[in-house]
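Here are some short exercises to work through with the model open beside you. Try each task before reading on to its solution.

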Amino acid sequence: MRKLFALLVLSLSALSLAAQDSKPLYEQVAKWTIGGEGGWDYLTLDPAGNRLFIAHSNNIEAIDLGAGKKVGEIPASGAHGVALVPEKHLGFSTNGRAGTVTVFDSLTLKPQAEIKVGENPDAIIYDPNSKHIIVMNGRSKDLMAIDPATLKVIATVPLGGKLEFAAADAGRVYINVEDTGEIASVDTKTWKAAQRWKLTGCDEPSGLALDPTLGHLFAVCGNKQMVVVDVKSRKQIAALPIGDGTDAAAFDPVLKLAFASNGEGTLTIVRQTQDGKYEVAGNVPTARGARTMALDPKSHKIYLATADFGPQAEGQKRPSIKPETFTVFVYAPAK
């Protein structure tokens with residue numbers, strides 16, 4: 001009987017641990033219907049203004065994080081992304097069709113200036129180390145640096161490929177080159193191309209995030225892979241399965257988690273184990289089309305955007321988007 005009782009206790013313990021492991025790490029805590037029409041691209045969090053900026057069709061929309069409602073918009077010609085300079089209360093947004101960057105007041109949302117950049121400006125970030133806005137031009141295949149003080153382009157760096165998202169570290173900017181399957185780096189002191197290396201087993205890298213403490217880059221790829229690269233050695237240290245249709249990566253420096261938002265309707269969470277290896281901690285169900293995201297490193301909430309889809313017309317790459325269904329989903333660490 002004692003042996004049977006011991007076996008029963010062990011079995012119950014194993015079931016309890018399995019149940020704990022099966023619990024999602026993140027859960028949906030809010031859903032905001034924003035409305036409007038057309039497609040969308042990058043999401044950018046504004047902690048100072050408690051807002052979320054979303055590139056949505058021909059506007060940059062500002063969403064109040066407390067109310068979950070749109071509080072304003074900035075006109076755009078093919079909106080792609082937003083970068084913020086908090087100390088100057090300025091926002092910079094890319095206009096893919098116009099080949100410009102709009103400068104706006106991040107408090108009043110009023111446009112201030114238009115800066116001519118390259119062809120099809122797409123991703124945009126603010127590098128607090130060099131204190132410059134970095135623009136990735138997809139069609140002209142170059143990176144441009146803008147001085148927020150003068151609102152002028154101070155450097156153009158040819159990189160010979162379709163540029164996607166970037167991540168900045170002290171003295172370097174790292175950029176995904178989608179059509180060559182590489183990461184390129186630019187020296188932000190000289191504004192010259194520094195190094196580039198191939199991402200093995202990674203097709204069409206798009207989203208990119210950085211763990212600045214370890215110097216590890218997380219690149220998400222079109223063939224359902226997340227590749228982890230050490231920036232010092234440029235060695236690929238992990239390749240992990242993620243969902244289909246990914247377009248964004250994020251890293252939480254406090255929780256030490258990396259994320260991939262996948263258009264198939266999942267959020268892949270990656271963590272480092274005690275022995276220094278990386279593993280998939282879980283896949284959280286989200287919503288179809290939720291492929292771009294923003295992370296709040298203080299609340300650890302993740303914001304995803306999508307809409308309802310209609311039929312896909314013959315010859316079209318993507319299905320139609322139902323008007324007024326554009327929605328933001330909010331996820332937080334599970335209690």
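**Exercise 1. Find how β15 and β16 pair, and describe the turn that joins them.**

Start with the strands: β15, residues 172-177, pairs with β16 in the antiparallel sense, over 6 bridges. Please keep in mind that this is a predicted model. Next, pick out one pair: Ile175 has Ala184 of β16 as its bridge partner. Finally, look at the turn. The two strands make a hairpin with 4 residues between them, and Gly181 in that turn has a positive phi of about 65°.

**Exercise 2. Work out whether β16 is largely enclosed or not.**

Step one is to sort the side chains by direction. Glu182, Ala184 and Val186 point one way from β16, while Ile183, Ser185 and Asp187 point the other way. Step two is to check burial, for which the cut-off is under 20% relative accessible area. On both sides, all of these residues are buried. The conclusion follows: 6 of the 6 residues of β16 are buried, so the strand is largely enclosed by the rest of the structure.

**Exercise 3. Follow β16 into β17 and place Trp191.**

First, the pairing: β16 and β17 run antiparallel to each other over 5 bridges, with Val186 opposite Ala193 in β17. Now the connection. Trp191 sits in the loop between β16 (182-187) and β17 (192-198). This hairpin has 4 residues between its strands, and Trp191 adopts a positive phi near 55° there.

Then ask what surrounds the side chain. Trp191 has a relative accessibility of 13%, so it counts as buried. Setting aside neighbours within four places in sequence, its contacts include Ser130, His132, Ile134, Leu143 and Val186. Closer along the chain, the side chain of Trp191 reaches the backbone oxygen of Thr188 at 3.5 Å.

As a last step, compare sequence and space: Trp191 and Thr213 are 22 residues apart in sequence, and their C-alpha atoms are 24 Å apart.

**Exercise 4. Locate the disulfide and say which parts it ties together.**

Begin with the sulfur atoms: Cys202 is joined to Cys221, with an S to S distance of 2.0 Å. The angle about the S-S bond is -105°, and the link is left-handed. Now place the two ends. Cys202 is in the loop between β17 and β18 (208-211) and Cys221 is in strand β19 (residues 216-221), so the pair ties together parts 19 residues apart in sequence. To finish, check accessibility: Cys202 is buried at 5% relative accessible area, and Cys221 is buried at 1%.

Terms used. Residues are numbered from 1 along each chain as its sequence is written. This is a predicted model: local features need pLDDT of at least 70, side-chain atom pairs count only at pLDDT 80 or more; totals for chains, interfaces and linings use all residues. Side-chain values use heavy atoms; hydrogens and water are left out. Buried means under 20% relative accessible area, exposed over 50%, partly exposed in between (1.4 Å probe, protein chains only). Contact means heavy atoms within 4.5 Å. A polar contact is a pair of N or O atoms within 3.5 Å; within protein, one must be able to donate a hydrogen and the other to accept it, and residues adjacent in sequence count only if both atoms are side-chain atoms. Two strands pair if DSSP finds at least two bridges between them. A disulfide is a pair of cysteine sulfur atoms within 2.5 Å.
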